[in-house]
Amino acid sequence: MFNGYTSIDDDSKFMVLDTSNMEGSKENVKSCQYFNMLRFCQNSAFKDRNERFMVIADESYLLLDPKVPQGMEFLRNFSKRARKYNCSLVVITQSIIDFLAESIKQYGQALFDNSTYKLFFGMDGKNLQQAKELWDLTTEETNLLSTKVRGQCLLFIGSSRMLCRIKGQNWEKPFLTGGGR
């Protein structure tokens with residue numbers, strides 16, 4: 001891992017880089033691990049401008065540690081460059097306020113600002129308050145989000161906003177309920 005060689009096949013059509021075991025690492029080790037992993041990810045994504053590439057950061061709050069800035073810097077920098085390389089970045093979180101703490105706000109705000117598409121599912125409390133302030137949500141939009149109806153969200157595409165209802169197909173239901181693994 002640290003000498004520049006890897007057994008990961010970056011020509012694969014689908015790749016999962018699971019960082020869950022890194023959370024218990026010491027900061028200096030975690031910092032090196034994130035740097036190597038995220039550099040690999042970026043190099044793979046930007047290798048061929050003609051190939052579509054998507055990076056999905058689920059549970060992205062894990063990349064927001066100010067003591068280990070590699071994750072935040074990667075998300076911000078990748079979001080600013082991705083379109084030039086025919087890439088997409090999907091950042092998934094259950095809490096937008098994780099991205100707005102003073103120590104990391106410059107990174108989190110850049111992600112929000114560079115996003116062409118945003119999906120907001122049900123929320124309340126500080127998250128709803130922040131969303132209302134940041135995106136100037138109407139009373140109708142705020143009420144929609146506060147009801148937390150499953151599969152219902154607010155979709156932003158550029159400056160356009162619309163209600164979106166997502167309904168899983170029958171063949172998808174086992175995966176959505178955890179029974180399809």
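Two residues are in contact here when heavy atoms of theirs lie within 4.5 Å. With that in hand, we can start with the chain as a whole, keeping in mind that this is a predicted model. Take the contacts between residues at least 6 apart in sequence: 60% of them join residues at least 24 apart.

What is the chain built from? The protein chain holds six helices and five strands, and reading along the sequence gives the pattern α-β-α-β-α-β-α-α-β-β-α. Its C-alpha trace spans about 55 × 45 × 35 Å along the principal axes. Of the 181 residues in the protein chain, 33% are buried. The accessible surface of the chain comes to about 12300 Å², and carbon and sulfur atoms account for 49% of that surface.

Now let us turn to a pair of helices. Two packed helices are described by the angle between their axes and the distance between the axes. Helix 2 covers residues 70-81 and helix 3 covers residues 105-114; their axes come within 9 Å and cross at roughly 25°. Because an angle under 35 degrees counts as roughly parallel, helix 2 is roughly parallel to helix 3. As for handedness, the crossing of these two helices is left-handed.

Which residues bring helix 2 and helix 3 together? On the helix 2 side you will find Met72, Glu73, Leu75, Arg76, Ser79 and Lys80, and they meet Gln106, Tyr107, Ala110, Leu111 and Asn114 of helix 3. Sorted by character, the residues of this contact are five nonpolar, three polar and three charged. Among the charged ones are Glu73, Arg76 and Lys80 of helix 2, while the nonpolar ones include Met72 and Leu75 of helix 2 as well as Tyr107, Ala110 and Leu111 of helix 3.

Let us finish with a single residue further along the chain. Glu141 sits in helix 5, which runs over residues 139-147. Is Glu141 buried or exposed? Its relative accessible area is 11%, and since buried means under 20%, Glu141 is buried. Setting aside neighbours within four places in sequence, Glu141 is in contact with Asp136, Leu154 and Arg161. You can also place Glu141 relative to Phe156: these two residues are 15 apart along the chain, and their C-alpha atoms are separated by 11 Å.

Notes. Residues numbered from 1 in each chain as written. Predicted model: local features only at pLDDT ≥ 70, side-chain atom pairs only at ≥ 80, totals over all residues. Heavy atoms only, no water. Axes fitted to C-alpha atoms, helices over the stretch in contact; angles between N-to-C directions. Helix = DSSP H or I, 4+ residues; strand = E, 2+ residues; numbered from the N terminus. Parallel < 35°, antiparallel > 145°, perpendicular 65-115°, else oblique. Left-handed = near helix turned anticlockwise from the far one by under 90°. Buried < 20%, exposed > 50% of the residue type's maximum accessible area, 1.4 Å probe, protein only. Areas by Shrake-Rupley, 256 points an atom, 1.4 Å probe, with all protein chains shown as cover.
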